[in-house]
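Subject: Handover of a structure

Dear colleague,

Please find below the structure that I am handing over to you. A description of what was found in it follows directly after.

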Amino acid sequence: MDYKFLIYISYSYSIPIGKPLEQELLRLGHSVRWFADQDEGKEKLLVEQGALHTIDEAVAYRPHIVLTATDSVAHFLSGIKVQIFHGFPANKRKGTDQFRIRGFFDLYCTQGPSSTVPFKKQQKKYPHFEVVETGWSKVDPLFPIENNETEKPTILIASTFTKDYSIALKDEVIEELVRLSKLDKWKFNIVLHPKLDAAVHAKIKALQNENFVYHDTTDLIPLFKKANILFADTTSAIIEFLLQHKPVVTFRNNMPGPYLVDVTEVRDIEKEITRALTYPPELIKHIEEFAAFSHPYHDGQSSRRVIDATIAFLHSDKSHLKKKPYNFIRKYKMRKRLQYHGPVFQHDTIIDSLDQK
């Protein structure tokens with residue numbers, strides 16, 4: 001049976017989340033389109049085959065299933081709304097903000113116990129959605145894990161956009177990393193969050209040398225595979241990298257744990273990078289435990305599990321679920337942002353027709 005899927009994003013960093021899903025959907029013979037509700041995402045999707053460029057086009061597509069890598073979604077679209085997440089829980093706010101229930105979603109496809117357990121607790125409190133642990137589509141291309149040999153130990157630098165944590169905004173940290181690159185012991189690749197100002201990207205790019213290379217990309221997995229360790233701040237990319245069981249050195253991480261090598265002073269960066277490159281056994285043990293807690297799937301088949309779970313939910317008996325909250329203010333803001341004032345699409349007839357096939 002041919003189902004119509006819509007991959008719904010805001011920013012370009014979510015494109016690598018949708019790509020493995022798109023590939024699997026096309027392989028299975030389903031229809032798939034993309035929609036971005038922010039200008040930055042729309043610009044990047046101009047080059048994506050199957051992109052819908054206006055909200056009217058997205059409404060007219062009449063999807064059965066909306067796969068959403070955002071915190072909210074255009075509620076008036078047809079189809080079940082499925083949360084597939086735009087990152088791992090990174091604890092930037094030292095709390096449960098990433099587990100907030102905003103009332104938009106019918107199904108949460110969680111990445112592993114670190115997200116499944118909190119959402120199961122929320123489900124008991126707000127029984128209008130289901131939770132199914134599937135793994136995360138973005139990391140499908142990471143598996144199987146490869147050990148790539150490099151001429152020099154290679155360190156990937158990744159920075160978040162959050163002002164309080166971003167190493168890209170800490171001149172003393174960047175200056176130290178550039179100094180280390182000039183020692184010719186290690187190679188550094190650096191990627192910055194696309195939401196950082198263009199001036200920050202330009203500044204970092206201007207610092208390039210033979211061993212300090214700026215990459216303008218949101219597809220981090222090829223860089224993950226080439227790197228021996230990661231140097232980062234409080235970005236959710238840390239968790240993605242740790243799934244390879246490789247060390248991560250952080251600078252003043254918001255919630256450091258035993259699976260990280262956290263540095264609080266610039267003068268200690270070189271020493272701790274040197275130590276991390278030895279892969280200390282006790283550190284690796286903690287990394288393996290944390291990786292299993294975050295994402296226990298190593299088969300690269302999370303996209304297939306997401307697709308199977310959403311189709312199963314589409315046809316399932318939902319009579320036990322409560323109605324989603326009215327969300328007047330959030331829904332009004334969504335309509336205003338997308339400049340859409342049409343009706344909420346009634347998709348029950350579409351689902352009924354599918355069940356009759």
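The paragraphs below describe the two sheets, then the aromatic pairs, one helix and finally one loop residue.

Please note that this is a predicted model.

I begin with the sheet that contains strand 1. Six strands form this open sheet, arranged in the order 2-1-3-4-5-6, and their pairing is parallel. Its edges are strand 2 and strand 6 (130-133), each of which pairs on one side only. From one strand to the next, the twist averages 25°. Within this sheet, strand 3 (residues 65-68) and strand 4 (residues 80-83) run parallel and are joined by four bridges. One of the positions to inspect here is I65, whose bridge partner in strand 4 is I80. Helix 4 (residues 113-125) lies across strand 5 (107-110) and strand 6, and its direction is at about 165° to strand 6.

The other sheet to report is also open and is formed by six strands, in the order 9-8-7-10-11-12, with parallel pairing. Here the edge strands are strand 9 and strand 12 (261-263), and each pairs on one side only. The twist averages 20° from one strand to the next. Strand 7 (residues 154-159) pairs with strand 10 (residues 229-232) in the parallel sense, over four bridges. I155 has I229, in strand 10, as its bridge partner. Helix 5 (residues 171-181) packs on this sheet, where it touches strand 7, strand 8 (187-192), strand 9, strand 10 and strand 11 (248-251). The direction of helix 5 makes about 150° with that of strand 8.

Turning to the aromatic residues, the structure holds 14 aromatic pairs. One of them is formed by Y8 and F35: the ring centres are 5.6 Å apart and the planes are at 50°, so the pair counts as tilted, a class that lies between stacked (under 30 degrees) and edge-to-face (over 60). This pair links distant parts of the chain, with Y8 in strand 1 (residues 4-9) and F35 in strand 2 (residues 31-36), 27 residues apart. Y8 and F35 are both buried. Elsewhere, ring pairs link F85, F99, F105, Y108, F119 and F129 into a cluster.

Helix 11 (residues 302-315) has 14 residues. From its first C-alpha to its last, helix 11 reaches 20 Å, close to the 20 Å expected at 1.5 Å a residue. The buried residues of helix 11 are S302, S303, V306, I307, A309, T310, I311, F313 and L314.

Finally, I draw your attention to T217. This residue is placed in the loop between strand 9 (212-214) and helix 7 (221-226). T217 counts as partly exposed because its relative accessibility is 26%, which falls between the limits of 20% for buried and 50% for exposed. The side chain of T217 reaches the backbone nitrogen of D219 at 3.0 Å. When neighbours within four places in sequence are left aside, T217 is in contact with V191 and L223. Between T217 and I145, the separation is 72 residues in sequence and 21 Å in space, C-alpha to C-alpha.

Yours sincerely

Key:
Residues are numbered from 1 along each chain as its sequence is written. This is a predicted model: local features need pLDDT of at least 70, side-chain atom pairs count only at pLDDT 80 or more; totals for chains, interfaces and linings use all residues. Side-chain values use heavy atoms; hydrogens and water are left out. Helices (H or I, at least four residues) and strands (E, at least two) are DSSP runs, numbered from the N terminus. Buried means under 20% relative accessible area, exposed over 50%, partly exposed in between (1.4 Å probe, protein chains only). Contact means heavy atoms within 4.5 Å. A polar contact is a pair of N or O atoms within 3.5 Å; within protein, one must be able to donate a hydrogen and the other to accept it, and residues adjacent in sequence count only if both atoms are side-chain atoms. The expected span of a helix is 1.5 Å times one less than its number of residues. Two strands pair if DSSP finds at least two bridges between them. Axes are lines fitted to C-alpha atoms, for helices over the stretch in contact, and angles run from 0 to 180 degrees between N-to-C directions. Rings of Phe, Tyr and Trp (its six-membered ring) pair if their centres lie within 6.5 Å; planes under 30 degrees apart count as stacked, over 60 as edge-to-face and the rest as tilted.
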